[in-house]
Amino acid sequence: MRILVLLLPAALAAQGQPETLTLEQAEQLALRNHPALAMARLAAAASETVPTQLRAAQLPVFNAAMSSSVADHGSRIGAGALNASSLFSRLGAGFNVTQLLYDFGRSRNLVESARGRASAESENIRTRRAEIILSVRDAYYSALLANKTIEATRQVLESRRVLLRQVSALASNNLKSTLDVSFAEVGVTEAELELDRAFNSARTAQTELAAAMGVDPDREWTLSESSGRAPESTSVEQLIAEARGARPELAALRKQIDAARHFAEAEKRLAMPALSLAGAGGFVPAGDPRLNTRYGGVGLTVSLPLFNGGLNAARRDEAGLRAQLAEQTLRERELLIARGVKLAWIESENAQRRVDATARYREQTAKALRLAQSRYDLGLSSIVELTQAQTARLSADVQNAAARYELQLRLARLDFELGRL
């Protein structure tokens, strides 16, 4: 086991000198590389093309065509069509144009609905960005805690090795019992096991950090300490009001409600008539002599839906219900965000109290360790008491570091709930 612990740092060093990484650099790296953010941007870009697609229905459509046919002269189509049935051999080329003139605002509402959905998708970019930053901070502070645990465990291991050497020397001179030597050896082995677990936690934390940044998990970094901050003194009611105005999810839902209302209005217009213009013109340079060498015409079409099995009514009802659903979704999300802000605020306050408590605990265990070491050196206590004091000091160091990093993580969660990330 001792050989394994000694080889772990060498194995890490053999992989190359790790890069130094700050929290700010980690966040910027994640925003450049994480596929979730790229996916959100692509989804927003795709949504922005939909209004143009729907707007095309309000613009004229031009088509050009060339046709030739060989017909049985004098014959007519006898079935399958109500249009002009005469058949002629000809070669012709021309164009046709169609233009929607008026449809009682259905196309306009469809375009506005698509614009609302596209705008909501752009808000999702902000949501993904905030989620990525929060995950980076979570992984970063976890990695810092793992490094602190390694540092504290190494100190305990080194002190126990020194103690083992001292006890072994004293035992060889019959000044200490072999039982003390055995306990000292057990203490060293326990510290080695703790150090092994700390290294495993550090590797896991580095892997989680790489995943949060969207980079190769084989890369490793030397993390810089992040400057912390204290909880805010703002009241929770003010924080909830801030969150309701800043959270991108709420902004997206409000835009989705607007889009749903426009779509519901468009579906109501299905029962209205539509007026459109159609025109065609061209040349027939070769063909049956009874055909003119050129042709042209224009016409107006009024289409009025009379009956289609209740399809339009069902679509109108569905659109109206989905608009109401979007409104209720917004209300539910506002309640959840208020709850999230209140919980994040409570947890940040509690984390600050834990920082203060663990700092006092750390001072107490340091004092107890000094006393236990002095008592053992004077032969007034057993090695078990000294080992327990060392274990308590290690626990206090780790708990204090965990409390400090947890406070920063809780503050990051509060920033996320407030829409600040």
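On the surface of this predicted model, Leu101, Tyr102, Phe104, Met272, Leu277, Val298 and Leu300 come together as a nonpolar patch with about 660 Å² of accessible area between them. Two elements, β3 and β6 (294–303), each give two or more residues to the patch. One of the patch members, leucine 101, sits in strand β3, and its relative accessibility of 43% makes it partly exposed. Tyrosine 102 is also partly exposed, with a relative accessible area of 47%. Phenylalanine 104, at 31% relative accessibility, counts as partly exposed too.

Phenylalanine 104 has a bit more to it. It belongs to the loop between β3 and α5 (106–172), and its phi is near 60°, a positive value in a residue that isn't glycine. For context, most residues other than glycine have a negative phi.

The strands around the patch can be followed one by one. Strand β2 (residues 61–69) runs antiparallel to strand β3 (residues 90–102), and 9 bridges join the two. Across that pairing, phenylalanine 62 faces valine 97 of β3. β3 also pairs with strand β5 (residues 274–287), again in the antiparallel sense, over 11 bridges; here leucine 91 stands opposite alanine 286 of β5. Next along, β5 and β6 run antiparallel with 10 bridges between them, and alanine 280 has glycine 297 in β6 as its bridge partner. These two strands make a hairpin, with 6 residues between them. As for cover, β6 has hardly any: of its 10 residues, the count that are buried is 0.

Turning to the aromatic rings, the structure holds 3 aromatic pairs. In one of them, the rings of tyrosine 102 and phenylalanine 104 have centres 4.8 Å apart and planes at 50°, so this pair is tilted. Tyrosine 140 and tyrosine 141 make an edge-to-face pair instead, at 6.4 Å centre to centre and 85° between the planes. How many residues does the ring cluster that includes these two tyrosines take in? Ring pairs link Tyr140, Tyr141 and Tyr405. Tyrosine 140 is buried, with a relative accessible area of 0%, and tyrosine 141 is buried as well, at 6%.

Then there are the helices. Helix α9 (residues 311–377) has 67 residues, which at 1.5 Å a residue should span 99 Å; the C-alpha atoms at its ends are 92 Å apart, in agreement with that. Just after α9, glycine 379 takes a positive phi of about 75°. Helix α10 (residues 383–418) has 36 residues and an expected span of 52 Å, and its end C-alpha atoms are indeed 52 Å apart. Just past α10, glycine 419 has a positive phi of about 75°.

What about charge pairs? Side chains of opposite charge can pair when their charged atoms come close. The count here comes to 28 salt bridges. In one of these, arginine 126 meets glutamate 123, with N to O at 2.8 Å. Both lie in helix α5, 3 residues apart, which is about one turn of the helix. Arginine 126 is partly exposed, at 38% relative accessibility, whereas glutamate 123 counts as buried, at 10%.

Other salt bridges reach between elements. Glutamate 192 pairs with arginine 161, their closest N and O atoms being 3.5 Å apart. Glutamate 192 lies in helix α6 (residues 178–213) and arginine 161 in helix α5, so the pair ties together parts that are 31 residues apart in sequence. Buried is taken as under 20% relative accessible area, and by that cut-off glutamate 192 is buried at 1%. Arginine 161 counts as buried at 18%.

Arginine 420 and glutamate 242 also meet in a salt bridge, with 2.8 Å from N to O. This one links distant parts of the chain, 178 residues apart: arginine 420 is in the segment after α10, and glutamate 242 is in helix α7 (residues 236–246). Arginine 420 is partly exposed at 35% relative accessibility, and glutamate 242 is partly exposed at 30%. Finally, salt bridges link Arg247, Glu249, Arg333, Arg413 and Glu417 into a network.

How values were computed. Residues are numbered from 1 along each chain as its sequence is written. This is a predicted model: local features need pLDDT of at least 70, side-chain atom pairs count only at pLDDT 80 or more; totals for chains, interfaces and linings use all residues. Side-chain values use heavy atoms; hydrogens and water are left out. Two strands pair if DSSP finds at least two bridges between them. Helices (H or I, at least four residues) and strands (E, at least two) are DSSP runs, numbered from the N terminus. Patches are made of residues with over 30% relative accessible area and no salt bridge: like charges are joined within 9 Å, nonpolar side chains (Val, Leu, Ile, Met, Phe, Trp, Tyr) within 5 Å. Accessible areas come from the Shrake-Rupley method with a 1.4 Å probe; for residues, only the protein chains shown count as cover. A salt bridge is a side-chain nitrogen of Lys or Arg within 4 Å of a carboxyl oxygen of Asp or Glu. Buried means under 20% relative accessible area, exposed over 50%, partly exposed in between (1.4 Å probe, protein chains only). The expected span of a helix is 1.5 Å times one less than its number of residues. Rings of Phe, Tyr and Trp (its six-membered ring) pair if their centres lie within 6.5 Å; planes under 30 degrees apart count as stacked, over 60 as edge-to-face and the rest as tilted.
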